[in-house]
Amino acid sequence: MNPAVGLIAFVAVSLATAVIGFYGLRISRTTGDFYVASRTVPPWWNASAIGGEYLSAASFLGVAGLILLSGTDALWFPVGYTAGYLMLLLFVAAPLRRSGAYTIPDFTEARLDSALVRRVTSLVVVAVGWLYIVPQLHGAALTIRITTGLPSWVGSTAVVLVVCLTVVAGGMRSITFVQAFQYWLKLTALAVPVVFVLLVLAGNGTAPQAPLPINPTGQAPAGAYQHISLLVALLFGTLGLPHVLVRFYTNPDGQSARRTTLIVLGLLSVFYLFPTLSGAVGRMFAPELAQSGQADALVLLLPGKLIGGVPGDLLSALVVAGAFAAFLSTTSGLVVSLSGVISQDLFGGSVRGFRLAAVLAAVVPLGFAFTTDTLALAGSVGLVFAFTASTICPVLLLGIWWRGLTDAGAIAGMLTGALLCGGAMVVGTIMGTGNAPAWLAQPAAWTVPAAFAVTVTVSILTKGRVPASVNRVMSRLHVPERPVATER
Amino acid sequence: MTRVRVTAPRQSATAAPGRLPYPREVAEDSDAGRIFIRSLIRSQLRLALVVACGFLIILAVFAVFLVYGPGVAETSIFGIPLDWLVLGAGIYPVIGLSAWLYNRAAARNEARYRDLVEDQ
């Protein structure tokens, strides 16, 4: 591929991000604008923004790469990523909007009336955020290496720089516009090339090199345990992701939070058709990419390989732009929510502190990204979902729906989940992918129930610690807002 | 419009103006109000659990059918194997439909609660 293509695409996306960000900044005037976009964002914008933030490197590059490697087994990933939003809608969306809490630590502190719970939750949230940023940076490193031939660190460092600049400069309003723009960019960047490739292939009547159902590397199909564990992680991990939660405050009330989530489900369903299509085309027409260990770069390489020439270069540029949109949007969403948490707990919550925290939130995972290897992107993000599902999910679900939750139960549950799931991740990494047994490689099926069990048991044992405010908080979470006369 | 200097991240987002929660004070201060709230929470939880379980059962049926269903491996539509079609596209409408049904039912539960409180 022409190295200039990748560079131009990256610079263009970064500039567009910055321009929309600064334009948004100019029209943010009030405190409300700065924090939560004044809740004037219409549901379609808001849903696009949620989609833009959610669709990360794993969705953009990883899903197609995994489908290339393991076929129908990998199709469960996008199903789980989407169904996770269904669970979020059912159990979390409206109550969380009504809670008025702005971050997950704020929610647990308000619900359980305990500063210690807040601190433990903050630690877990920061861990989740950092773990989630690392695969984004790996994706950026891979993209820059494959498309321009520059060393890997250039890609991840560039993403961190752009994110720091935009986050430090802008508020949530500009971020909402940026994220919404990036959803549509990502969709276009995946859909147009793969449709073109299909048209060209149909036009010259190219015969497939390999049948669709056969794994090109001869990888064995996954067992029932892996599927179940993966689904547990994805279904229950989504509702605890810190950067997704903040987005719900741009809705005016609980009911519109639900409406927005419904639109998000539609947007995600449409989006995931295209990585699936790319993966299928890759299996049939470019199976050799799987052997050379470039599976994650499949969507980047496909247009150049199957079309070539100037049209191939143009389509590649579009895909690279989409990929960077994915890294930038997810990373900046995570950095915003992490710096909110870090600045409040570490720097006393000043704007200077927020900026310092933003830099800290972005630079630490950069260090991780330099010292770790690029795993399969969809797989490593799947592990982050397992960690979230084992730590934040039990506290959030039980906090919203069960009066009996206590601070001791919440802390015990989060620590259990973090130790079990984090331990499994560390041991699994040391043993190496492929060598670790299934229960270590996909721990969610046992760590999530364990975390739930510990939370409930300890809460029942410490019944006396149920906060006095529980009735007031519960009614705040669930009682619908007064309908507004002007509302249509 | 006045300019406001933002000095610290807010800990709690307040509801938008004019959208204060429904007569919460009334509801919390009487026994009847507390019962209404409890039954609202219970009916919303039941609804969420029913939709979640229904969806998971459909998912499980799909999965079992794709593995053990007679002739699934050989079936293809327009040259696309059936399992690819079901997993790659067929499940998404089910997710959307579950979400849509849930939204309607949840709004209905809340409307019922409002009617009860207004009657008080």
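Two residues are taken to be in contact if their C-beta atoms, placed from the backbone, lie within 7 Å. With that in hand, this predicted model can be explored through a pair of helices, one enclosed helix and a single serine.

The pair comes first. Helix α15 of chain A spans residues 298–306, and helix α16 of chain A spans residues 309–346. Their axes come within 8 Å and cross at roughly 170 degrees, which means that α15(A) runs roughly antiparallel to α16(A). On the α15(A) side, the contact is formed by Val299(A), Leu300(A), Pro303(A) and Gly304(A). These meet Gly312(A), Leu315(A), Ser316(A), Val319(A), Val320(A) and Ala323(A) of α16(A). In character, the residues of this contact divide into 7 nonpolar and 3 polar, with no charged ones.

Helix α7 of chain A, residues 104–112, offers another setting. Here 9 of the 9 residues are buried, so the helix is largely enclosed by the rest of the structure. The buried residues include the charged-type side chains Asp106(A), Glu109(A) and Arg111(A), and also Ile104(A), Phe107(A) and Leu112(A). Just after α7(A), Asp113(A) adopts a positive phi of about 55 degrees.

Finally, Ser390(A) sits in helix α18 of chain A, which covers residues 377–401. Ser390(A) counts as buried because 34 other C-beta atoms lie within 10 Å, where 20 or more are needed. Leaving aside residues up to four places away in sequence, Ser390(A) touches Gly417(A), Leu420(A), Cys421(A), Ala444(A), Thr447(A), Val448(A) and Ala451(A). Thr147(A), by comparison, is 243 residues from Ser390(A) along the chain, and the C-alpha atoms of the two are separated by 37 Å.

Conventions
Residues are numbered from 1 along each chain as its sequence is written. Chains are lettered from A and ligands numbered from 1 in the order in which they are written. This is a predicted model: local features need pLDDT of at least 70, side-chain atom pairs count only at pLDDT 80 or more; totals for chains, interfaces and linings use all residues. Axes are lines fitted to C-alpha atoms, for helices over the stretch in contact, and angles run from 0 to 180 degrees between N-to-C directions. Helices (H or I, at least four residues) and strands (E, at least two) are DSSP runs, numbered from the N terminus. Angles under 35 degrees count as roughly parallel, over 145 as roughly antiparallel, 65 to 115 as roughly perpendicular and the rest as oblique. A residue is buried if 20 or more other C-beta atoms lie within 10 Å of its own, exposed if 12 or fewer, and partly exposed in between; C-beta atoms are placed from the backbone.
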